[in-house]
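User: Please pick one site in this model and take me through it closely. Then show me how it ties in with the fold around it.

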Amino acid sequence: MLIYQCLNKYNIVESTKLKNISNLVSFDTVENKVVSKSNIEIIIENNLIVEVGIKLASADKIIDCGNKLVTPGFVDPHTHPVFVNSRDEEFSRRLAGESYESIASDGGGIISSIQSVRDATESDLISRVKERMDSFLKLGTTTIEAKSGYGLDTENELKSLSVLKKVQDNHLIDIVPTFMGAHTFPEEFKNDSDGYVQLICDQMIPAVAKQNIALFNDVFCEEGYFSTEQARRILETGKKYGLRPRLHADEFLSSGAAELAAEVKAFSADHLMAVSENGIKKMAENNIIAILLPGTTFSLGKTSFAPYNSLRSAGIDIAIATDFNPGSCFIKSMPFIISLCCIYLKMPIYEAIKASTYTAAKSLGLENEIGSIEKEKKADLIIWNIKDASQIPSHFLDNPISKVMKNGELLFTA
Ligand SMILES: [Zn+2]
């Protein structure tokens, strides 16, 4: 205790060295690609990486990585964690042959998660979200984007964002909050979709901006949800209030959402299973990042994944995410998402690592702080149980992660 008091009093920096790393695999901003290096050591001071190199000087504290792989912590750039319970019965209905769309039109889907969130107290939601964040961190996710969107009125959208803020304040994981009042239309606006859009623009966005509790503004732009005209209005209004745009785009049908993402200069266009050629062209011309969510396609039992190769050949930056939500995807594991990308999208493993770290951070505007193991970046790292990144896609059944370092603090030490 006395030592800590002295350290604080004189502001003495304690250094930590990570040694005995089999391979360090990370995006390199100088070489502009993912590189694998052997015999590398890392020095950390406070919560920052201060040196990466061969045979570095000693440090106050040594962490032996056991001749295992080290990568940056994952950045999960698309999740919906503020809900009460997952909709397990819908999974059974889908196994029996019903589609996501038909269940949604029968009162299931997003809308069935709304009442329970409206009825829940803030503290109940906080404990549920906190527990989910514990799991994300254990699975190597050190920064997570998290959306509201199961409140769908001003009070409950604000409550959901407040839950995210309070969890962030008491949890090691970094949460990037997104307002998503435009997730679907609540029952009371079933026959007045423009009325709900007006409520979002006139009340919700100004209230969210006033409380300063969201960085992004997301819209589910899809047939049966928000039209491109409605989405444009919501995203442009958000921009006026300082909320950065992102978009759920062309998940089930091509509706011009990718083109809209390009028009409003969205930070990302997500899903894109049904994106058109023109949508891909517009995204490429405007440097819009694509976020692919193969866990949702997989969980819905579908086989047509997002067109990774077409997006990549067009020169589009690609990030990947879990899309963790109570209905269509319960996956929290980024290593499993990497497996799905490698198996079904034929994504090379180094591309999958870049997509789940550096590009994911870029889609949140955070690539200068996190997403790679380089000098001056946050000490957010994963020490694996395996030696080589090529083993990640095949080792999806047992968690291949040994330890997670967040802000220079080592967690889950065995
Ligand atoms: Zn989503």
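Analyst: A donor here is an N, O or S atom within 2.8 Å of the metal, with water not among the atoms, so a site may look incomplete. Keep in mind too that this is a predicted model.

Let's go with the zinc site. The zinc ion is held by the NE2 atoms of His 78, His 80 and His 248 plus an OD atom of Asp 323, at distances of 2.1 to 2.7 Å. Along the chain, these donors follow the pattern H-x1-H-x167-H-x74-D. His 78 sits in the loop between strand S6 (74–76) and helix H2 (88–95), while Asp 323 sits in the loop between strand S13 (318–320) and helix H13 (334–344), so this pair ties together parts 245 residues apart in sequence.

What about the geometry? The angles between the 4 donor atoms at the zinc ion run from 79 to 165°, which makes the arrangement irregular. To count as tetrahedral, all angles would have to lie between 85 and 135 degrees.

Are these ligands buried or exposed? His 78 has 0% relative accessibility and therefore counts as buried, the cut-off being under 20%. Asp 323, at 3%, is buried too.

Now for the sheet. The order S6-S7-S8-S9-S10-S11-S12-S13 gives 8 strands in an open sheet, with parallel pairing. S6 and S13, the strands that border the loops of His 78 and Asp 323, are the edge strands, each pairing on one side only. From one strand to the next, the twist averages 25°.

Further in, S8 and S9 run parallel and are joined by 3 bridges, with Ala 182 standing opposite Val 219 in S9. Helix H8 (residues 228–240) lies across S8, S9 and strand S10 (244–249), and runs at about 180° to S9. Helix H14 also packs on the sheet, where H14 touches S6 and S13, and its direction makes about 80° with that of S13.

H14 brings us to the charged pairs. Arg 312 and Glu 351 meet in a salt bridge at 3.7 Å, N to O. Arg 312 is in helix H12 (residues 308–313) and Glu 351 in H14 (residues 349–356), so the pair connects parts 39 residues apart in sequence. Both ends are partly exposed: Arg 312 at 39% relative accessibility and Glu 351 at 25%.

Back in the sheet, the side chains of Asp 218 and Lys 147 form a salt bridge at 2.7 Å, N to O. That pair links strand S9 (residues 216–221), home of Asp 218, with strand S7 (residues 141–147), home of Lys 147, across 71 residues. Here both partners are buried.

Another long-range pair is Arg 118 with Glu 188, a salt bridge at 2.9 Å, N to O. Arg 118 belongs to helix H4 (residues 114–119), and Glu 188 to the loop between strand S8 (174–182) and helix H7 (193–211), 70 residues apart. Glu 188 counts as partly exposed, at 46% relative accessibility.

There's a network as well: salt bridges link Asp 174, Lys 378, Asp 380 and Lys 406. Overall, the structure holds 24 salt bridges.

Definitions and conventions:
Residues are numbered from 1 along each chain as its sequence is written. Side-chain values use heavy atoms; hydrogens and water are left out. A salt bridge is a side-chain nitrogen of Lys or Arg within 4 Å of a carboxyl oxygen of Asp or Glu. Helices (H or I, at least four residues) and strands (E, at least two) are DSSP runs, numbered from the N terminus. Buried means under 20% relative accessible area, exposed over 50%, partly exposed in between (1.4 Å probe, protein chains only). Donors are N, O and S atoms within 2.8 Å of the metal (3.2 Å for Na, K and Ca); water is not among the atoms, so sites may look incomplete. Four donors count as tetrahedral if all angles lie between 85 and 135 degrees; four count as square planar and six as octahedral if opposite donors are over 155 degrees apart and all others between 65 and 115; anything else is irregular. Two strands pair if DSSP finds at least two bridges between them. Axes are lines fitted to C-alpha atoms, for helices over the stretch in contact, and angles run from 0 to 180 degrees between N-to-C directions. Contact means heavy atoms within 4.5 Å.
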